[in-house]
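Thanks, everyone. I have one model to walk through today. Please look at the sequence and the structure first.

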Amino acid sequence: MSTLKVPAVAPSHRDDAMQIYRAFKGIGCDAAAIINIIAHRDATQRSLIEQEYESTYGHELRKRFSSELTGHLKKAVLLWMHEPGERDAFILKKALKGAVKDQKAVTEIVCSRTPSQIGQLKRAYFSNVGSNLEDDIEAELSGEHKKLLLAFLTTSRYEGPEYDETLVEEDAKALNKAARKFGLAGKTFIQIFSDRSRAHLCAVSDIYKTMFKKTLEKAIRDETHKNFEYALKTILRCAESPPRFYAKALRKAMKGIGTADTDLIRIVVTRAEVDMHYIKAEYRKKYGKTLNDAVYSDTSGHYRTFLLALLGNNN
């Protein structure tokens, strides 16, 4: 469920484009006016505003944002202006081919998506980047992390709630056996985690704990490392509860000294129109404070105002 607050009767995209144009006039720009418009328009409305701005004023709106805004606000606004499918492709392209590879972002985008979403993602990536996502992952990543992501992208998985209890028990035993044999864990974990449905993996996780007196996530932590470990955990956590996964990721982005703003921006922007309402509920349940309060404490200025606008009411 989205947290985006759109006016019941939104102004026309022509009026919005005009107000944004006026916000650019003079020395500097009126960032508050820009936020008040674009942080309260859905993806379709934002696209219409862009089209109207370019046709009326002869400039691409994103380029104008890029030249007028600065810092984290600029990064957040530019990411927000992408159409959702295009946005994921943009994140992956930058994470894979940028000056600094962001394997965490690649893992999060790929391993948190359902099979149908992955199909849409691969099509959007090819349309916007001009190459196949699998080919770029093959070229840019390595090791068991790469093998898992490629298998996850190319394997068809059932999306329904049913599962085979006998196969669940067999998988739990296979994972436990693999965890006890050096060099076997990676291959077995990749095969099961890329092939099984979310409902099936949840059942495996439950029976694994019953049979072996430790959690499947602990087995992952004990037997795998770094990006491969994070990918397996992401698949399992999103099988169990995507909102809980993102709540934990947001907490980590804001925990300790400094804020991982790239992670914070990516999660807030990509989930605001999807399931942020549920992520906020999980965050409050798990950490005893609202996500809005956490973001308020860890950000400042117009950047803070923009993120809080996307998060909606403080609940």
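I will go from domains to helices to single residues.

Keep in mind that this is a predicted model.

Domains first. The assignment splits the chain into domain 1 (11–68), domain 2 (84–140), domain 3 (163–238) and domain 4 (243–309). I'll take the pair of domain 2 and domain 4. How far apart are the C-alpha centres of domain 2 and domain 4? They lie 22 Å apart. Domain 2 puts 9 residues into the contact, and domain 4 puts in 11 residues. About 800 Å² is buried between domain 2 and domain 4. Carbon and sulfur atoms give 46% of that area. Which residues of domain 2 lose the most area to domain 4? R87, K104 and E108 do, and together they make up 58% of what the domain 2 side buries.

Next, a helix that sits in domain 2's range and carries two residues I want to show. Helix α6 covers residues 84–97. F90 lies in α6. Is F90 buried or exposed? Neither: its relative accessibility is 37%, so F90 counts as partly exposed, given that buried means under 20% and exposed means over 50%. Leaving out neighbours within four places in sequence, F90 is in contact with L79 and H82. A124 is 34 residues from F90 in sequence, and the C-alpha atoms of the two are 9.4 Å apart.

K94 is also placed in α6. K94 has a relative accessible area of 54% and is exposed. Between K94 and I34, the C-alpha separation is 25 Å, with their positions 60 residues apart along the chain.

Now a helix pair. Take α9 (residues 133–140) and α10 (residues 143–154). Their axes come within 10 Å and cross at roughly 175°. Why do we call the pair roughly antiparallel? Angles over 145 degrees count as roughly antiparallel, so α9 gets that label against α10. On the α9 side, the residues in contact are L133, E134, I137 and E138. On the α10 side, they are K146, L149, L150, L153 and T154. By class, this contact has 5 nonpolar, 1 polar and 3 charged residues.

On to α12, residues 185–195. How many residues of α12 are buried? The count is 8 of its 11 residues, so the helix is mostly covered. The buried ones are A185, G186, T188, F189, I190, I192, F193 and S194. What do they pack against? The partners are α10, α11 (165–179), α13, α14 and α15.

Last, the backbone. Most residues other than glycine have a negative phi. Two lysines here are worth a look. K213 has a positive phi, near 60°. K213 is in the loop between α13 (198–212) and α14 (216–223). With a relative accessible area of 69%, K213 is exposed.

The second is K226, with a positive phi near 50°. Where does K226 lie? K226 is in helix α15, residues 226–240. Its relative accessibility is 74%, so K226 counts as exposed.

To recap: about 800 Å² is buried between domain 2 and domain 4. Helices α9 and α10 run roughly antiparallel. Helix α12 is mostly covered. K213 has a positive phi, and so does K226. That's the tour.

Methods: Residues are numbered from 1 along each chain as its sequence is written. This is a predicted model: local features need pLDDT of at least 70, side-chain atom pairs count only at pLDDT 80 or more; totals for chains, interfaces and linings use all residues. Side-chain values use heavy atoms; hydrogens and water are left out. Helices (H or I, at least four residues) and strands (E, at least two) are DSSP runs, numbered from the N terminus. Buried means under 20% relative accessible area, exposed over 50%, partly exposed in between (1.4 Å probe, protein chains only). Axes are lines fitted to C-alpha atoms, for helices over the stretch in contact, and angles run from 0 to 180 degrees between N-to-C directions. Angles under 35 degrees count as roughly parallel, over 145 as roughly antiparallel, 65 to 115 as roughly perpendicular and the rest as oblique. Contact means heavy atoms within 4.5 Å. Ala, Val, Leu, Ile, Met, Phe, Trp, Tyr, Cys and Pro count as nonpolar, Asp, Glu, Lys and Arg as charged, and the others, Gly among them, as polar. Domain bounds come from an automatic or database domain assignment. Buried area is the accessible area (1.4 Å probe) that two parts lose on being put together, summed over both.
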